[in-house]
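Visitor: Please take me on a close look at one ligand's surroundings. Then lead me on through the packing and the hollows.

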Amino acid sequence: MTPAVPNGPRPLIDGFGRKISYLRISVTDRCDLRCRYCMAEAMTFMPRAQILSLEEIAAIGDAFIARGVRKIRLTGGEPLIRRGVPDLAKMLGRHLATGDLDELTLTTNATNLARTASALVDAGIRRVNVSLDSRNADTFRHITRWGDVAQVLHGIATARDAGLRIKINMVALKGLNEDEIEPMLRWCAAEGHDLTLIETMPLGMIDEDRTDRYLPLDRVRDALAERYTLTPLDDRTGGPARYHRVAELNARIGFITPLTENFCAGCNRVRITATGRLYMCLGHDDQVDLRAALREGGPAALDARLDEAMALKPLRHDFHIDKRNAAPAVERFMSVTGG
Ligand code: SAM
Ligand code: SF4
């Protein structure tokens with residue numbers, strides 16, 4: 001049992017002494033796109049009957065906040081294809097007003113951002129992460145299998161006009177978008193968006209061999225450093241990205257390097273699926289069933305299950321991408337646990 005802190009919540013601390021202050025919630029594993037590195041074209045999604053209601057998700061969020069979680073990100077799958085997600089944001093967002101939550105954010109592919117942006121702002125969301133792996137219409141369609149980049153760019157522009165800060169997430173893909181990294185950085189700088197580059201991770205069985213598209217980001221960073229002055233920043237914003245200032249562009253770029261530079265030592269996060277499974281690590285299968293706890297035992301059982309979960313958090317993931325390790329590290333797609 002975690003020791004009580006006078007006048008404060010009993011914190012969630014794992015077996016390695018790491019305090020859990022960040023929760024990611026996958027509100028649906030479904031998506032309107034099929035990014036090649038993320039999903040197979042033919043996907044089997046979780047049965048709708050097993051999905052938590054929005055009220056149940058809010059209750060689970062409340063339980064984490066009561067135990068000291070300060071930041072929540074709604075994600076998926078594509079969170080904005082689930083009806084009522086702005087209402088869920090509003091339910092969770094009331095903790096921002098009381099000071100019990102520092103930040104509520106969302107990760108989206110932006111296909112539905114134009115119509116939801118102002119409701120998200122009303123709920124208290126101030127920043128969103130948007131996946132944009134290419135600004136070229138043909139490359140974007142190829143990567144996402146059928147996406148329309150114009151719709152995404154319109155979503156981003158509308159969100160910015162509604163007052164949301166935007167961070168662009170770009171998965172670096174060898175031979176697909178590597179030539180677009182520098183133009184993307186310049187575009188982000190001009191538009192006032194941060195940019196984070198991500199290494200492709202071996203999660204779920206896709207239709208292609210990830211080795212063919214894996215682009216180590218240490219190489220990308222070295223290439224950028226030949227053209228720009230990159231200064232490492234201390235700011236880790238509690239996440240895995242390592243940020244650099246790009247002096248010539250007055251911009252910031254982040255690198256998420258699960259393969260080339262492990263960042264698990266400072267991990268402060270856990271994730272729940274749309275069916276209420278709490279996973280302690282993206283790269284491991286240990287989980288506890290929060291839906292059963294909530295439905296069968298109510299808030300007290302849920303709280304006890306959080307303590308059980310802390311003992312299961314592994315020290316680190318063990319991702320490899322090479323021809324000898326072609327199989328995914330876990331069968332679960334990133335969209336199930338919430339990226
Ligand atoms: N649909 C939303 C989106 O695309 O932003 C939210 C969910 S998506 C799973 C969250 C992030 O995970 C996206 O930035 C996406 O590019 C990234 N992602 C998905 N599968 C990945 C993988 N296998 N390796 C690395 N990043 C991945
Ligand atoms: Fe959908 Fe996001 Fe996965 Fe692309 S990365 S398929 S948008 S969940």
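Guide: Cys31, Leu33, Arg34, Cys35, Cys38, Gly77 and Asn109 surround ligand 2, each with a heavy atom within 4 Å of it. This is a predicted model: local features need pLDDT of at least 70, side-chain atom pairs count only at pLDDT 80 or more, and totals for chains, interfaces and linings use all residues. Residues are numbered from 1 along each chain as its sequence is written, chains are lettered from A and ligands numbered from 1 in the order in which they are written, and side-chain values use heavy atoms, without hydrogens or water.

The shell around ligand 2 has four nonpolar, two polar and one charged residues. Here Ala, Val, Leu, Ile, Met, Phe, Trp, Tyr, Cys and Pro count as nonpolar, Asp, Glu, Lys and Arg as charged, and the others, Gly among them, as polar.

Next, the packing. The largest nonpolar core has 103 residues. Such a core joins buried Ala, Val, Leu, Ile, Met, Phe, Trp, Tyr and Cys residues through side-chain atoms within 4.5 Å. Buried means under 20% relative accessible area, exposed over 50%, partly exposed in between (1.4 Å probe, protein chains only). Phe64, Ile72, Leu74, Ile168 and Leu278 touch the most other members. Helix α1, residues 54-66, gives the most to this core: seven residues. Helices are DSSP runs of H or I, at least four residues, numbered from the N terminus.

Leu74 has partners beyond four places in sequence, among them Ile25, Val27, Pro79 and Leu106. Contact means heavy atoms within 4.5 Å.

Now the hollows. Two cavities reach 30 Å³ or more. The largest holds about 60 Å³ of space. Its lining divides into five nonpolar, one polar and five charged residues, including Tyr37, Thr200 and Arg213. On a 1 Å grid over the protein atoms alone, a cavity is a set of points where a 1.4 Å probe fits but cannot get out; a pocket is an open set with protein on both sides within 12 Å along at least five of seven lines; lining residues have an atom within 4 Å of a point. Points join across faces, edges and corners, and volume is the space filled by probe spheres set on them.

The second largest pocket has a volume of about 210 Å³. Helix α7 (217-227) gives the most to its lining, with five residues. Leu224 is found in α7 and is one of the lining residues. Leu224 is buried, at 7% relative accessible area. Glu182, also in the lining, is 42 residues from Leu224 in sequence but 7.6 Å away, C-alpha to C-alpha. Leu224 contacts Glu182, and beyond it Leu185, Leu230, Ile253 and Phe255, leaving aside neighbours within four places.

Note on methods: Helix = DSSP H or I, 4+ residues; strand = E, 2+ residues; numbered from the N terminus.
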